[in-house]
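I opened this entry to record what I looked up in the model, going from the helix at the start of the chain to the backbone geometry of its loops.

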Amino acid sequence: MDDEQPALQPLRDRIDLIDEQLLALLNQRAGLALEIGAIKKHFKTPIFRPERELLVFTRLQALNQGPLQTEQIAAIWREIMAASRALEKPFTAAFLGPVGTYSEEALHQYSGSAVEALPCPSIDEVFRAVEAGAAKIGIVPIENSTEGAVSRTLDLLLDSSLRLTGEVVLPIQHNLLTRTGTLAGVSRVCAHAQALAQCQHWLALHAPQLERQAVASNAVAAQLAAEDASVAAIASERAATRYNLAIVQAMIQDDPHNRTRFVVIGEQACAPTGRDQTALILAVKNVAGAVFRMLEPLARHGVSMTRFESRPAKSGAWEYYFYIDLAGHYADAPLAAAFAELEQSAAFIKILGSYPRAH
Ligand SMILES: O=C(O)C(=O)C[C@]1(C(=O)O)C=C[C@@H](O)C=C1
C-alpha cells in the first residue's frame, strides 16, 4: 500500500482538480435547466422531454473519443438529466412492483435514479396511477423474447387514453436465489409464471425435485424466499441484494439472449427525433383479404413494420385487434399518408404513440 502512494497521489490530485471543475460545470448546467424549468412552467409545458434527451445522448456519443464507452456516456448523462428534471420539478414514475423487479430496473434505465419510483401491485394499477395523475409516467412490460407478448398490457392499451412515450429493452438474467446460497432444505421454487417458463429446461435438468409455484412477481418470490428457508426464488441480482439472498446459480434462463421490452406510458406526445417508432392498433372486418388490404397502404408508402401481434377482440366471432409497430414518427410524411388511407379503410384504428427507439 505504502509503495503505491507516491505513484497514486499526483494522479489523484489531478482527479480532485478535474472534479472541482466538473462540479462547477454541472452546477452551471443545472442552473440552465432551472431556467428552462421556469420557461416550461410559464408555458405550462412538460418538464420531461425524452426526444431532447435522446439528442443530448446521441450528440455526445458521436463526439466521444474514449476511453469512456458509448453506454457509459449514456449512463452518466442519464443521471445528469434525471437530476436536472428533479430540480425543475420532482417527478413520479409508476412501475410494476414491488421494489426489486425488472420493471424497476427498466425504469431506472429509462429515467435515471432521481425519480420518485412508485411501486404498483399490478399492471392495471400502473395504468391507473398514471391516469389518475399520481405518477407522470408508468413503465410496464410488453413483450419477452422467449415468452412473447404480455397480453394484459396489450389489452389495457386498447382502452386507456394514455399514449406510449418510450421503450426500454432489458436483458433478463434470472438467478436462483435462497437464504443460504445452496438448495439444502429447499422444496419449492417461486417466481412469476413467465420467469418459471423462461427457466423450465434448467429447472427440469438441475432441480427437478423443486415444486414450482407461480407468484405475482419475481420480487414477491424473493420476499418469500427471504422469509422462508424452504423457498428458492428466481429473480434479478438487484432483488438478491434488496432481499439479502445468495445466488445458488446465476443465468439460469434457457435462452442466454432472453430480453424483455418495456413501454413507457404517459400523457405527453413526443416530438420526432429521426429515430422513432410508432405503435398502433388496427381492426378490420372479418372478410377475405381484409388483413392484406389493411397493410397494403403501409407497403405502398414504404413504411416498414417491425412488429405484428394479434389479440382476440373478445366478441366471440374470431375477430382480432392487430398491434403493429412501424419505423418512423406519425408526423413523418410516409406514415401520415398511410394513416390517412388507413383511417378510411380500417374498421378501427388507434395510434398508441410515437417515441424514440430504445438505444
Ligand atoms: O432541454 C430541456 O428541456 C431541459 O429541461 C434540460 C434537460 C437536460 O438536463 O438536458 C432536462 C430535462 C429534459 O427532459 C431534457 C433535457
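**Helix α1 and the loops**

I checked the length of helix α1 (residues 5-43) and found that its 39 residues should span 57 Å at 1.5 Å a residue, which agrees with the 55 Å between its end C-alpha atoms; the expected span is 1.5 Å times one less than the number of residues. Helices (H or I, at least four residues) and strands (E, at least two) are DSSP runs, numbered from the N terminus.

I noted that this is a predicted model, in which local features need pLDDT of at least 70, side-chain atom pairs count only at pLDDT 80 or more, and totals for chains, interfaces and linings use all residues. Residues are numbered from 1 along each chain as its sequence is written.

Is α1 buried or in the open? The number of buried residues in α1 is zero, so the helix lies largely in the open. I used C-beta atoms placed from the backbone: a residue is buried with 20 or more others within 10 Å of its own, exposed with 12 or fewer, and partly exposed in between. For the protein chain, 36% of the 359 residues count as buried.

Next I looked at phi. K44, just after α1, has a positive phi of about 55° and is exposed, with 6 other C-beta atoms within 10 Å. M251, in the loop between β10 (246-249) and β11 (259-266), also takes a positive phi of about 55° although it is not a glycine.

Last, I recorded a cis peptide bond from G66 to P67, with omega near 5°, and a cis bond from G97 to P98, with omega near 0°.
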